[in-house]
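Me: I'd like a close look at one part of this model, with enough of the surroundings to make sense of it. Keep it chatty, but give me the numbers.

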Amino acid sequence: MSDHTVDTAEKPEFYLTEDHHPENSTNLGFWLYLMSDCLIFAVLFATHGVLGRNYAAGASPADLFDLPIVALNTSMLLLSSITYGFAMLQMERNAKAETLFWLAVTGLFGAAFIGLELYEFIHLIHEGAGPTRSAFLSSFFTLVGTHGLHVTFGIIWLITLMVQVSLHGLIEANRRRLMCLSMFWHFLDVVWIGVFSFVYLLGVVG
């Protein structure tokens, strides 16, 4: 009877069986995304700097902007940044319910910010100061509207993460996502401080 030869050679692998997600690669990729967003807002700020005095015989910022409402809107976004920080602290304590609570508060502040911004836009358009009225208003609506869209997307992302945390808890993947959203949210706060100072305050005072 002939001997049966057993082939002990390893079979080739066409995919990786071990974890191939490099450590901190998500954070690095997200930082690169934020840098690209910085370039977008830098261009919009520069555009407004060039066009911000071209009123086309129309109303100036001092005639249009209601600084108390803008200041209230600013406080909504700054408070949302603080409450998101509270959420991150609770995440570090692995307190799921408290994390979700502060995320919800953050979302409410963000929604209030968007609501006040929409009110301002509607009021300006009703007064005949729409984005096509002058170069100044075109650059204003583009800059502020782009920031508002980012906040809106941030709120949608926030709600999505709240669902993920509710279903799966504070697992490593959700912690990483919450950290990325934290960077995004605080970035929008910094941009808005620039908008408030450069567009509103200098526009009215200058």
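Among contacts in the chain between residues at least 6 apart in sequence, what percentage join residues at least 24 apart? With that as background, please zoom in on the aromatic pair of Tyr55 and Phe136 and what lies around it.

Reply: Sure. Keep in mind that this is a predicted model. On your opening question, the share is 80%, counted among contacts between residues at least 6 apart in sequence.

First, the overall layout. The chain has six helices and zero strands, so reading along the sequence simply gives α-α-α-α-α-α. Of its 206 residues, 41% count as buried. The exposed area comes to about 11,900 Å², with carbon and sulfur atoms supplying 67% of it. An unreviewed UniProt entry annotates residues 30-52, 64-87, 99-119, 140-163 and 183-205 as "transmembrane region". Two of those stretches can be set against the model: residues 64-87 are 92% helix and 0% strand, with end C-alpha atoms 37 Å apart, while residues 99-119 are 100% helix and 0% strand, with their ends 30 Å apart.

Now to your pair. A search of the whole structure turns up 19 aromatic pairs. For Tyr55 and Phe136, the ring centres sit 5.4 Å apart and the planes meet at 90°, so this one is edge-to-face; the angle cut-off for that label is over 60 degrees. The two residues come from distant parts of the chain, 81 residues apart: Tyr55 is in the loop between α1 (25-51) and α2 (61-64), and Phe136 is in helix α5 (residues 135-168). Both partners are buried, but look at the values: Tyr55 has 18% relative accessibility, and Phe136 has 1%. The cut-off for buried is under 20%, so Tyr55 at 18% still counts as buried.

The loop that holds Tyr55 has a couple of backbone curiosities. Most residues other than glycine have a negative phi. Ala56 has a positive phi of about 55° although it is not a glycine, and Ala57 does likewise at about 60°. Ala56 and Ala57 both belong to the loop between α1 and α2. Ala56 counts as exposed at 51% relative accessibility, and Ala57 is exposed too, at 83%.

On the other side of the pair is α5. At 1.5 Å a residue, its 34 residues should span 50 Å, and the end C-alpha atoms are 49 Å apart, which agrees. Just after α5, Gly169 takes a positive phi of about 80°. You can run a similar check on α3 (67-92): its 26 residues reach 38 Å from first C-alpha to last, close to the 38 Å expected. Asn94, just after α3, has a positive phi of about 60°.

The pair also belongs to something wider. Tyr55 and Phe136 are members of one aromatic cluster that also includes Phe65, Phe113, Phe121, Phe140, Phe141, Trp192 and Tyr200. Several names from that cluster come up again in the largest nonpolar core: of its 49 residues, Phe140, Leu178, Trp192, Val195 and Tyr200 touch the most other members. Helices α1, α3, α4, α5 and α6 (172-205) each supply at least two residues of this core, and the largest share, 14 residues, comes from α6.

Trp192 is a good place to see how the pieces meet. Leaving out residues up to four places away in sequence, Trp192 touches Val70, Asn73, Thr74, Leu77, Phe113, Glu117, Val144, His147 and Tyr200. Polar residues turn up on that list, including Asn73, Thr74, Glu117 and His147.

For another view of the interior, try Ser80 in helix α3. Ser80 is buried, at 0% relative accessibility. Its contacts, again without residues up to four places away, are Thr106, Phe109, Gly110, Trp185 and Asp189.

One last stop is His123, in helix α4 (residues 96-126). His123 counts as partly exposed, at 37% relative accessibility. His123 and Leu64 are 59 residues apart in sequence, with 9.4 Å between their C-alpha atoms.

Back to where you started: the Tyr55 and Phe136 pair is edge-to-face, and it links a loop with helix α5 across 81 residues of sequence.

Technical notes
Residues numbered from 1 in each chain as written. Predicted model: local features only at pLDDT ≥ 70, side-chain atom pairs only at ≥ 80, totals over all residues. Heavy atoms only, no water. UniProt positions renumbered as here; feature names shortened; annotations may be inferred. Helix = DSSP H or I, 4+ residues; strand = E, 2+ residues; numbered from the N terminus. Phe/Tyr/Trp six-rings, centres within 6.5 Å; stacked < 30°, edge-to-face > 60°. Buried < 20%, exposed > 50% of the residue type's maximum accessible area, 1.4 Å probe, protein only. Contact = heavy atoms within 4.5 Å. Areas by Shrake-Rupley, 256 points an atom, 1.4 Å probe, with all protein chains shown as cover. Expected span 1.5 Å × (residues − 1). Core = buried A, V, L, I, M, F, W, Y, C linked by side-chain atoms within 4.5 Å.
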